[in-house]
Amino acid sequence: MLSKRFAQTDRTRCVSCGACTKQCPRDAIRIHHGCYAVIDALRCVGCGKCAKICPADCITLHEREVQA
Ligand code: SF4
Ligand code: SF4
């Protein structure tokens, strides 16, 4: 079952430091071509660990749309 929340990165503000990738318990974050972090929303469980560690404060958590 999917979690209620998932994380997203702001690609324009990410400094591709990689800190979030080390924090994620679900291994859901990749650095795309060394440029910015991308989160696999289907793997993400919305724990918020990545958002807390991000030095650029560019990760936000969002509610998932309720599935019928
Ligand atoms: S919210 Fe948690 S599970 Fe989702 S990408 Fe961030 S660290 Fe990983
Ligand atoms: S911790 Fe923040 S700045 Fe660093 S790679 Fe992740 S999203 Fe980008």
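In this predicted model, aspartate 27 lies in the loop between H1 and S2. Its phi is near 55°, a positive value in a residue other than glycine. Aspartate 27 is partly exposed, because its relative accessibility is 42%. The residue also forms a salt bridge with arginine 30. The closest N and O atoms of that pair are 3.2 Å apart. Side chains of opposite charge can pair when their charged atoms come close.

A salt bridge also links arginine 13 with aspartate 10. Here the closest N and O atoms are 3.9 Å apart, and the cut-off for a salt bridge is 4 Å. Arginine 13 has a relative accessible area of 42% and is therefore partly exposed. Aspartate 10 is partly exposed as well, with a relative accessible area of 26%. The count of salt bridges comes to 2.

Aspartate 10 sits in the loop between strand S1 (5–9) and helix H1 (19–23). Aspartate 57 is 47 residues away from aspartate 10 in sequence. In space, the two C-alpha atoms are 9.0 Å apart. Aspartate 57 belongs to the loop between H2 and S4. Its phi is near 50°, again a positive value in a residue other than glycine. At 52% relative accessibility, aspartate 57 counts as exposed, because the threshold for that class is over 50%.

The loop between helix H2 (49–53) and strand S4 (59–63) also holds cysteine 54. Cysteine 54 has a relative accessibility of 14%, so it counts as buried. The limit for that class is under 20%. Cysteine 54 and valine 15 are 39 residues apart in sequence. Their C-alpha atoms are 9.5 Å apart in space.

Cysteine 54 is also one of the closest residues to ligand 2. The others in that closest group are Cys14, Cys17, Gly18 and Cys20. In total, 15 residues surround ligand 2. By class, this shell has 12 nonpolar and 3 polar residues. No charged residue is part of the shell around ligand 2.

Ligand 1 has its own set of surrounding residues. Cysteines in this set are Cys24, Cys44, Cys47 and Cys50. Ala7, Pro25, Ile29, Ile39 and Val45 also surround ligand 1. Gly46, Gly48 and Lys49 complete the list. The shell divides into 9 nonpolar, 2 polar and 1 charged residues. Lysine counts as charged and glycine as polar, so Lys49 supplies the charged member and Gly46 and Gly48 the polar ones.

Two residues around ligand 1, Ile29 and Ile39, fall within a pair of strands. Strand S2 covers residues 29–32 and strand S3 covers residues 36–39. The two strands run antiparallel and are joined by 4 bridges. Across this pairing, isoleucine 31 stands opposite alanine 37 in S3. S2 and S3 form a hairpin with 3 residues between the strands. In that hairpin, histidine 33 takes a positive phi near 50°.

Note on methods:
Residues numbered from 1 in each chain as written. Chains lettered and ligands numbered in written order. Predicted model: local features only at pLDDT ≥ 70, side-chain atom pairs only at ≥ 80, totals over all residues. Heavy atoms only, no water. Near = heavy atom within 4 Å. Buried < 20%, exposed > 50% of the residue type's maximum accessible area, 1.4 Å probe, protein only. Salt bridge = Lys/Arg side-chain N within 4 Å of Asp/Glu carboxyl O. Pairing = 2+ DSSP bridges.
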